[in-house]
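Grab a pencil and keep the viewer open while you work. Try each task yourself before you read its solution.

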Amino acid sequence: MTDMVSRKRRSEIMRNIKPQNSFPEVLVRSLIHKMGFRFRLHVRSLPGTPDVVLPRHRKIILINGCFWHSHTCKKAGIPKSNRIFWKKKLRRNHQRDIENLIALKQMKWRVLVVWQCELKRPAHLLKRLTKFLADN
Ligand SMILES: [Zn+2]
């Protein structure tokens with residue numbers, strides 16, 4: 001029966017599998033948890049399968065890897081080999097991020113994007129999370 005899934009579809013499925021439970025994500029989750037918030041993880045029914053969803057507050061926290069989401073920091077940037085491939089791929093990711101953000105905002109979700117590099121500044125990160133979650 002697996003043959004019923006075409007190669008194209010299979011690659012689509014593969015592409016949609018994001019690395020879950022990455023270190024940055026687990027850390028952010030534990031911080032929010034300690035603050036006493038309840039949340040859901042990787043909600044597939046929402047655009048882009050957001051990482052952390054707080055349904056009661058209608059808030060979403062995305063934990064983005066700097067490379068994959070083309071952050072404007074030192075960790076990001078296009079690899080030297082296969083430049084054209086990476087350029088296309090990262091541009092597509094970026095475009096999808098923007099589309100998802102717009103869709104979520106139209107659905108009246110409030111979204112906070114946490115970048116992987118922010119984990120190096122825990123006090124700053126905690127402040128951002130606290131501010132976002134306390135804000136009504
Ligand atoms: Zn970054």
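Here come five exercises on this chain, which is a predicted model.

**Exercise 1. Getting an overview**

Find how many helices and strands the chain has, and the order in which they come.

*Solution.*
- Step 1: Count the elements. You should get 4 helices and 4 strands.
- Step 2: Walk along from the N terminus. The elements run α-α-β-β-β-α-β-α.
- Step 3: Look at how much is tucked away. Of the 136 residues in the chain, 32% are buried.
- Step 4: Check how far apart in sequence the touching residues are. Take the contacts between residues at least 6 apart in sequence: 52% of them join residues at least 24 apart.

**Exercise 2. Two helices that pack**

Work out how helix H2 and helix H4 sit against each other, and which residues meet there.

*Solution.*
- Step 1: Know what to look for. Two packed helices are described by the angle between their axes and the distance between the axes.
- Step 2: Get both values. H2 (residues 23–34) and H4 (residues 122–134) pack at an angle of about 55 degrees, and their axes are 11 Å apart. That makes H2 oblique to H4.
- Step 3: Add the handedness. H2 and H4 make a right-handed crossing.
- Step 4: List who meets whom. H2 brings Leu27, Val28, Leu31 and Ile32, while H4 brings Leu125, Leu126, Leu129 and Leu133. Sorted by class, the contact of H2 with H4 has 8 nonpolar residues, with no polar and no charged ones.

**Exercise 3. Checking a helix with a ruler**

Test whether the span of helix H3 agrees with its number of residues, then see what is buried in it.

*Solution.*
- Step 1: Count. H3 covers residues 83–106, so you have 24 residues.
- Step 2: Predict the span. You multiply 1.5 Å by one less than the number of residues, and H3 should then span 34 Å.
- Step 3: Compare. The end C-alpha atoms of H3 are 34 Å apart, which agrees.
- Step 4: Pick out the buried residues of H3. They are Trp86, Lys89, Leu90, Asn93 and Leu104.
- Step 5: Look just past the end. Lys108 follows H3, and its phi is positive, near 70 degrees.

**Exercise 4. Arg29 and Asn64**

Decide whether Arg29 and Asn64 are buried or exposed, and find their contacts.

*Solution.*
- Step 1: Recall the cut-off. A residue is buried under 20% relative accessible area.
- Step 2: Take Arg29, in helix H2. Its relative accessible area is 15%, so Arg29 is buried.
- Step 3: Find what Arg29 touches, skipping residues up to four places away in sequence. You get Asn21, Phe39, Leu41, His42 and Val52.
- Step 4: Now take Asn64, in strand S3 (residues 59–64). Its relative accessibility is 8%, so Asn64 counts as buried too.
- Step 5: Leave aside neighbours within four places in sequence again. Asn64 is in contact with His69, Asp97, Val113, Val114, Trp115 and Gln116.

**Exercise 5. Positive phi in two loops**

Compare His42 with Asn82: where does each lie, and is each buried or exposed?

*Solution.*
- Step 1: Read the angles. Phi is near 45 degrees for His42 and near 55 degrees for Asn82.
- Step 2: Place them. His42 lies in the loop between strand S1 (40–41) and strand S2 (52–54), and Asn82 in the loop between S3 and H3.
- Step 3: Check accessibility. His42 has 13%, so it counts as buried. Asn82 has a relative accessible area of 55%, so Asn82 is exposed.

Terms used: Residues numbered from 1 in each chain as written. Predicted model: local features only at pLDDT ≥ 70, side-chain atom pairs only at ≥ 80, totals over all residues. Heavy atoms only, no water. Axes fitted to C-alpha atoms, helices over the stretch in contact; angles between N-to-C directions. Parallel < 35°, antiparallel > 145°, perpendicular 65-115°, else oblique. Left-handed = near helix turned anticlockwise from the far one by under 90°. Contact = heavy atoms within 4.5 Å. Nonpolar A, V, L, I, M, F, W, Y, C, P; charged D, E, K, R; others polar. Buried < 20%, exposed > 50% of the residue type's maximum accessible area, 1.4 Å probe, protein only.
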